[in-house]
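This briefing looks at strand pairing, burial and aromatic contacts in one protein chain. Please read it alongside the sequence and the coordinates shown here.

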Amino acid sequence: MKGDRVEIVVDAGDTTRTYEVVATRAGRRVETAVRRGVVEVSEVTRSGAAVRTARFMATRVLALVEQPVPRQDASERPLRDDPKA
């Protein structure tokens with residue numbers, strides 16, 4: 001969903017670097033995969049086509065933080081104090 005993002009913290013020798021992959025448009029999502037020693041984070045369309053992809057060596061990745069946008073379903077809405085209002 002738009003606004004979902006993944007932060008990747010990578011060891012860059014004597015320092016760390018932080019990268020972000022964000023779902024920039026409605027209907028896009030961010031997917032994460034770890035394959036053959038490579039961490040791959042992609043922004044994907046509804047049809048499954050990758051728009052942007054970031055690849056990192058798994059041995060260098062220190063943290064992978066997925067931060068979804070808070071969603072409000074009907075079950076999560078706060079109840080009113082006065083039911084007549």
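In what follows, buried means under 20% relative accessible area, exposed means over 50%, and partly exposed covers what lies in between. The model is predicted, and the points below should be read with that in mind.

**The aromatic pair**

- The count of aromatic pairs comes to one, and this pair is formed by Tyr19 and Phe56, whose rings are tilted, with 5.2 Å centre to centre and 40° between the planes.
- The contact links distant parts of the chain, since Tyr19 belongs to strand β2 (residues 16–22) and Phe56 to strand β5 (residues 50–57), 37 residues apart.
- Tyr19 has a relative accessibility of 36%, and therefore counts as partly exposed, whereas Phe56, at 13%, counts as buried.

**Strand β1 and its surroundings**

- Strand β1 (residues 5–11) has five buried residues out of seven, so the rest of the structure largely encloses this strand.

**Pairing of β1 with β2**

- Strands β1 and β2 pair in the antiparallel sense over seven bridges, and within this pairing Val9 has Thr18 in β2 as its bridge partner.
- The hairpin of β1 and β2 has four residues between the strands, and Gly13 in this hairpin takes a positive phi near 90°.

**Pairing of β1 with β6**

- Strand β1 also pairs with strand β6 (residues 61–67), again in the antiparallel sense, over six bridges.
- In this second pairing, Glu7 has Val65 in β6 as its bridge partner.

Methods: Residues numbered from 1 in each chain as written. Predicted model: local features only at pLDDT ≥ 70, side-chain atom pairs only at ≥ 80, totals over all residues. Heavy atoms only, no water. Phe/Tyr/Trp six-rings, centres within 6.5 Å; stacked < 30°, edge-to-face > 60°. Helix = DSSP H or I, 4+ residues; strand = E, 2+ residues; numbered from the N terminus. Buried < 20%, exposed > 50% of the residue type's maximum accessible area, 1.4 Å probe, protein only. Pairing = 2+ DSSP bridges.
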